[in-house]
Amino acid sequence: MKPSLWEETDQTRLTVLNAAQNFVVIAGVCFILVNLLKAQWLLAGLEIVTVIFTLVFACVTRRSSNTSLGISHRWIISWLALVFGCIAVGLSYAGAFRANQFVWVMQIPMLSYLLLGKTRGTQLTSVAASICMLTFALTNKQPSSLEYFASLANMGMALGITWALSYLYEAKREEAIQQLQEQAARDPLTGLHNRLHLESIFQQLSRYPMNKHRLVLMLIDIDWFKAINDQYGHDIGDEVLVKVAEMLQRHTRNTDWLFRVGGEEFCIILPSTPKAEACVLAEQLRKAQAQEVMTTSQGTLETTISIGLACWPTEGKKLETLYRRADQRLYQAKRSGRNQVISQEDNTSSESTSSESTAQENTLKRNTREDDNREQSKPGL
Ligand SMILES: Nc1nc2c(ncn2[C@@H]2O[C@H](COP(=O)(O)OP(=O)(O)OP(=O)(O)O)[C@@H](O)[C@H]2O)c(=O)[nH]1
């Protein structure tokens, strides 16, 4: 099971659904009165059931979240089946007005695609449109007349065009949404995930039973990166970032989650991984980077990385705590000379560190790092 980057949130579908529900209730009541007066009991009965179902469904929809559809597709399919059932039965009752009545059939593809998406929309439209076309064809009183074939062809073509346009609209909409979501979740430079989804991916992974006690968060920071930028320019710095990201991807599994969480800082979430195994991987990453001679547009460059890691849930139950723990270890790796992996501190601090002391710690950390930078040697081309 793979966590999804975006939970199902779709304001457009929710808006269409609310509008369609309102319309079905208002129009439904009018049609019920007309059909009762005309003694069309089957149709009136079906419309009563549809309006009651719509009211219940509207309550369910409004109780779910404001931004998420949050309702199972079964609800929508059942509701649309009732509405389309009314259209089909109405068509069989229409007599001389059958052609006028067919305008309602045109709503089938539009509603199906807007509310159910490309795949389910196609399935429901195929079934509902076929039933309506058959009803239209079979209930005609003059099946051999030219008029009959002309109206059948007209209806079929008009329905086909509405269907095709609805399909194209939904297919393009889904494609555009997918592209936008992909872009929003990725760091444009390295192609890795950005930190936008770190929390949600962590939450989903920690819910999977197979990851119980076996999830590791690793923070990786390029050593002396500021010096690389200062000496060789931002473009070379960018090339280094890309090369390090590529190295991380080469050494990790498809199931691992790689993020670029800051300027020259990366994070890896390793699902189903015991800490000992994660330490071995971290050491492999450190060695691989130390041994790699990177070819940049200005020549070759060698650089190293420092790594801090922490294990969930033993070393932090919440992402915030786990991240802080890994960051403390990363900082320790930097202070101990860089090009190191630290997986546990000398004096393990308590998980309930107050935010104030953490803030002080971070300030201290930044100052110490700046001092360290001035003192120590820097990488060279
Ligand atoms: N080229 C490039 N540089 C970036 C980017 N984002 C942040 N930086 C730079 O990354 C540098 C980070 O420097 P520091 O946080 O001092 O870290 P450092 O020099 O690696 O020092 P240590 O981490 O202590 O080894 C800063 O100079 C930022 O300007 C980016 O996207 N591209």
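In the predicted model, Asp230 is exposed, with a relative accessible area of 55%. Its salt-bridge partner is Lys226, and the closest N and O atoms of the two side chains are 3.1 Å apart. Lys226 is likewise exposed, at a relative accessible area of 56%. Both residues belong to helix α8, where a spacing of four residues places them about one turn of the helix apart. Elsewhere, salt bridges with shared partners connect Arg13, Glu170, Arg173 and Glu174 in one network.

Within this network, the side chains of Glu170 and Arg13 form a salt bridge with an N to O distance of 2.7 Å. Because Glu170 is located in helix α6 and Arg13 in helix α1 (residues 11–37), this pair ties together parts that are 157 residues apart in sequence. Glu170 and Arg13 are both buried. A further salt bridge, at 2.8 Å from N to O, joins Lys334 to Asp223. This pair also links distant parts of the chain, since Lys334 lies in helix α11 (residues 319–335) and Asp223 in the loop between β1 and α8, 111 residues away. Lys334 has a relative accessible area of 3% and is buried; Asp223, at 1% relative accessibility, is buried as well. In the whole structure, 14 salt bridges are found.

The ligand is surrounded by 18 residues, of which Phe225, Lys226, Asn229, Asp238 and Arg260 are the closest. A nitrogen atom of the ligand lies 2.6 Å from a polar side-chain atom of Asp238. Ligand oxygen atoms are involved in two further contacts: one is 3.0 Å from a side-chain N or O atom of Glu264, and one is 2.8 Å from a side-chain N or O atom of Arg338. The protein buries 75% of the 670 Å² that the ligand exposes when taken alone. Two or more residues of the surrounding shell are supplied by each of β1 (215–222), α8 (225–232), α9 (234–251) and α12 (355–375). Helix α9 provides the largest share, four residues.

An unreviewed UniProt entry assigns the feature "transmembrane region" to residues 12–34, 40–61, 73–95 and 148–169. In the model, residues 40–61 are 95% helix and 0% strand, with 31 Å between the end C-alpha atoms. Residues 148–169 are 100% helix and 0% strand, and their end C-alpha atoms are 32 Å apart. A nonpolar surface patch is formed by Ile161, Leu165, Tyr167 and Leu168, which together have about 400 Å² of accessible area. Of these residues, Leu165 is part of helix α6 (residues 146–185) and counts as exposed, with 54% relative accessibility.

Definitions and conventions: Residues numbered from 1 in each chain as written. Predicted model: local features only at pLDDT ≥ 70, side-chain atom pairs only at ≥ 80, totals over all residues. Heavy atoms only, no water. Patch = residues over 30% accessible without salt bridge, like charges linked within 9 Å, V, L, I, M, F, W, Y side chains within 5 Å. Areas by Shrake-Rupley, 256 points an atom, 1.4 Å probe, with all protein chains shown as cover. Salt bridge = Lys/Arg side-chain N within 4 Å of Asp/Glu carboxyl O. Buried < 20%, exposed > 50% of the residue type's maximum accessible area, 1.4 Å probe, protein only. UniProt positions renumbered as here; feature names shortened; annotations may be inferred. Near = heavy atom within 4 Å. Polar contact = N/O pair within 3.5 Å; in protein donor to acceptor, adjacent residues only side chain to side chain.
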